[in-house]
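Me: I have a two-chain model open and would like to go through it. Can we start with the overall picture and then get to the odd spots?

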Amino acid sequence: MRKPPLPSFRSRLHDERTATLIGTALGVAFATAFLTGLVSHVLQHPPSWLAHHLPTRPSWGYRLTQGLHVSSGIAAIPLLLAKLWTVYPKLFEWPPLKSVAHALERLSILVLFAGAVFELVTGLLNAAQWYVWGDQFPFVQTHYWVAWITVGALVVHVGVKAPAIARGFRGPGTELVEAYQADVEARRQGVSRRAFITTTAAAAGTVTVATVGQSVTSVAPVSVLSPRDVGFGELDVPVNRTAVQAGITPAVTAADWRLEVSGGARELSLSREELTALPQTSVKLPIACVEGWSVDAQWQGVRISELMDMAGVPHHADVRVESMETYGAYAVTILEREYVRDPSALLALRLNGEVLTLDHGYPARIIVPNRPGVLQTKWVRRLAVIA
Amino acid sequence: MKALRYTTILAGTGVALYGVVGLLTAPEVRRPADVTAWLLGGVVLHDAVLAPVVFALCWLAARTTSPRVRRALAAALLVAGATTLVAAPILLHGRVAIR
């Protein structure tokens, strides 16, 4: 087959060394996002064999891992673009397919590329709660499974490229003479490898600092591009889902609301006044959302373990938490015994010194350590022992 | 060394296939074809739209600017471009809690 007129690329930065250095940074970012993503997935949807091995400490664990998840994903955006720029000429290599092995290699790169772009785009849009894909696919499961595909393709890529990566890393030696000459040439053209890599690092740093304030609240004032502005919110805590969005009407939270505790030796039915008359515990716990934002808050209420003792619930029992919310996948959640018996797990009645607002879960909500925000159930109606 | 490489490639293939099977069998993912369209859409958007624009700019800069100006221009555009992309959702859709 004759070679068609393909574009040629004159910059000397499309070489192995640049690809290796930027690729390594990108690989670290993807590995971080993948591992922290697995943590988040397991905490949100624990498989049965892990459900009773989830650590409730440190209380800020999920805040850290999910902040890292979103930050490493955002930092990967400029890294991926720089990596793609570096290797873009390979798109036009001729002949396009040399052998079966070459075809498979190119297929694995297509999978890696498509998966990486998909994960970063959907992740960024999800952090901004902008579901442009509508009902074409559910975010959580798709982002999760495509992550496995992407990381698998990444491992294949590292295996295939191992010799090139080794050459890219090797210190200044005879093999690098060519790379060195390429760099000299690139500098003459204007942008040296060092300048390109420094600029890529600066871009990654800029987008990280500009967004990380939603998890590291002390830098929130400079993080003007974080998807979530944590400076807003009743009682200094942002609200992800309002009472209106959850279908909560003032009627269901009126004075005749009662908390039911069922399935123990004694059935309990407590009004809000009766709950406030019980011994109150105050804890400082973060609320950390799957979308990456998190803030610390002071919560006050009744220890869940003490409520369970009042109802004569055995220590090994898990609890089903039922909310009054009518829409949403998290109206009913499971609170494993490890959370139920944690001394800082509360049925919270107050937040930052004030009575809970309706959007924060009035009359009562769950707050437990080291758990994704979607499982910190608001507008609780019943705690039911799972037999 | 060769054995290690092949093991790595094999292991990666296994992990990727685990993801493919998971995606195809997840009850919540009802239309895997839509996911595929999104996966390939990103590739096309980069290779046929974003990259040609960037390389056209590179070509233009190489012809019209001095190396010194080019260096500053490349740095400014790379940082500004990445920041704009990351900010695109909030520029187009607004920050959560404000909108």
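Reply: Below are the fold of chain B, the annotated spans, the core and the backbone outliers. One note before that: this is a predicted model.

Me: Fine. What is chain B made of, helices or strands?
Reply: Chain B has three helices and zero strands. From the N terminus the order is α-α-α.

Me: Is that spread out or a compact globule?
Reply: Chain B is more spread out than a compact globule, because its radius of gyration is 21 Å, well over the 13 Å that the globule rule gives for 99 residues. Along the principal axes, its C-alpha atoms fill a box of roughly 55 × 50 × 25 Å.

Me: And what share of chain B is buried?
Reply: Buried residues account for 19% of the 99 residues.

Me: How is chain B divided into domains?
Reply: The assignment gives domain 1 (1–30) and domain 2 (33–99). The centres of these two domains of chain B, taken over C-alpha atoms, are separated by 31 Å.

Me: Where does UniProt put transmembrane regions in chain B?
Reply: An unreviewed UniProt entry lists residues 7–26, 38–60 and 72–92 of chain B. In the model, residues 7–26 of chain B are 95% helix and 0% strand, with end C-alpha atoms 28 Å apart. Residues 72–92 of chain B are 100% helix and 0% strand, and the end C-alpha atoms there are 28 Å apart.

Me: What about H2(B), how far does it reach?
Reply: H2(B) has 33 residues and covers 47 Å from first to last C-alpha, close to the 48 Å expected at 1.5 Å a residue. H2(B) does bend, by about 35° at His46(B).

Me: Which residues in H2(B) are buried?
Reply: Val35(B), Trp38(B), Leu39(B), Gly42(B) and Cys58(B) are buried in that helix.

Me: Over to chain A. Which spans does UniProt mark as transmembrane there?
Reply: The unreviewed UniProt entry gives residues 21–44, 64–86, 107–131 and 143–160 of chain A. Of these, residues 64–86 of chain A are 100% helix and 0% strand in the model, with end C-alpha atoms 32 Å apart. Residues 107–131 of chain A are 84% helix and 0% strand, and their end C-alpha atoms lie 29 Å apart.

Me: What happens in H4 of chain A? How far apart are its ends?
Reply: H4 (residues 139–169) of chain A has 31 residues, but its end C-alpha atoms are only 37 Å apart, where a straight helix would reach 45 Å at 1.5 Å a residue. There is a kink of about 70° at Ala162(A) in H4(A), shortly before Pro163(A).

Me: And the part annotated as molybdopterin-binding?
Reply: From an unreviewed entry, UniProt lists "domain: Oxidoreductase molybdopterin-binding" at residues 248–386 of chain A. In the model that stretch of chain A is 12% helix and 40% strand, with end C-alpha atoms 25 Å apart.

Me: Now the packing. Which residues touch the most other members of the largest nonpolar core?
Reply: That core has 59 residues, and those touching the most other members are Ala76(A), Ile77(A), Leu79(A), Leu80(A), Leu120(A), Val207(A) and Val86(B). The elements giving it two or more residues are H1 (16–44), H2 (61–87), H3 (100–127), H4 and H6 (193–211) of chain A, together with H1 (2–25), H2 (32–64) and H3 (67–93) of chain B. Domain 1 (1–30) and domain 2 (33–99) of chain B each supply at least three residues to this core.

Me: Last topic, backbone oddities. Where are the cis peptide bonds?
Reply: One joins Arg57(A) and Pro58(A), with omega about -5°. Pro58(A) is in the loop between H1 and H2 of chain A. Another runs from Tyr362(A) to Pro363(A), with omega near 10°. Pro363(A) sits in the loop between strand E8 (354–355) and strand E9 (365–367) of chain A.

Me: What about positive phi outside glycine?
Reply: Leu235(A) has phi near 55°, in the loop between H6 and strand E1 (258–262) of chain A. Asn352(A) has a positive phi of about 45°, in the loop between strand E7 (346–351) and E8 of chain A. Most residues other than glycine have a negative phi.

Me: Where do those two stand on burial?
Reply: Leu235(A) is partly exposed, with 17 other C-beta atoms within 10 Å. Asn352(A) also counts as partly exposed, with 15 C-beta neighbours inside 10 Å.

Technical notes
Residues are numbered from 1 along each chain as its sequence is written. Chains are lettered from A and ligands numbered from 1 in the order in which they are written. This is a predicted model: local features need pLDDT of at least 70, side-chain atom pairs count only at pLDDT 80 or more; totals for chains, interfaces and linings use all residues. Helices (H or I, at least four residues) and strands (E, at least two) are DSSP runs, numbered from the N terminus. The radius of gyration is taken over C-alpha atoms; the globule rule is 2.2 Å times the number of residues to the power 0.38. A residue is buried if 20 or more other C-beta atoms lie within 10 Å of its own, exposed if 12 or fewer, and partly exposed in between; C-beta atoms are placed from the backbone. UniProt positions are given in the numbering used here, feature names are shortened, and annotations may be inferred rather than shown by experiment. The expected span of a helix is 1.5 Å times one less than its number of residues. The bend at a residue is the angle between axes fitted to the seven residues ending there and the seven starting there. A nonpolar core is a set of buried Ala, Val, Leu, Ile, Met, Phe, Trp, Tyr and Cys residues joined through C-beta atoms within 7 Å. Domain bounds come from an automatic or database domain assignment.
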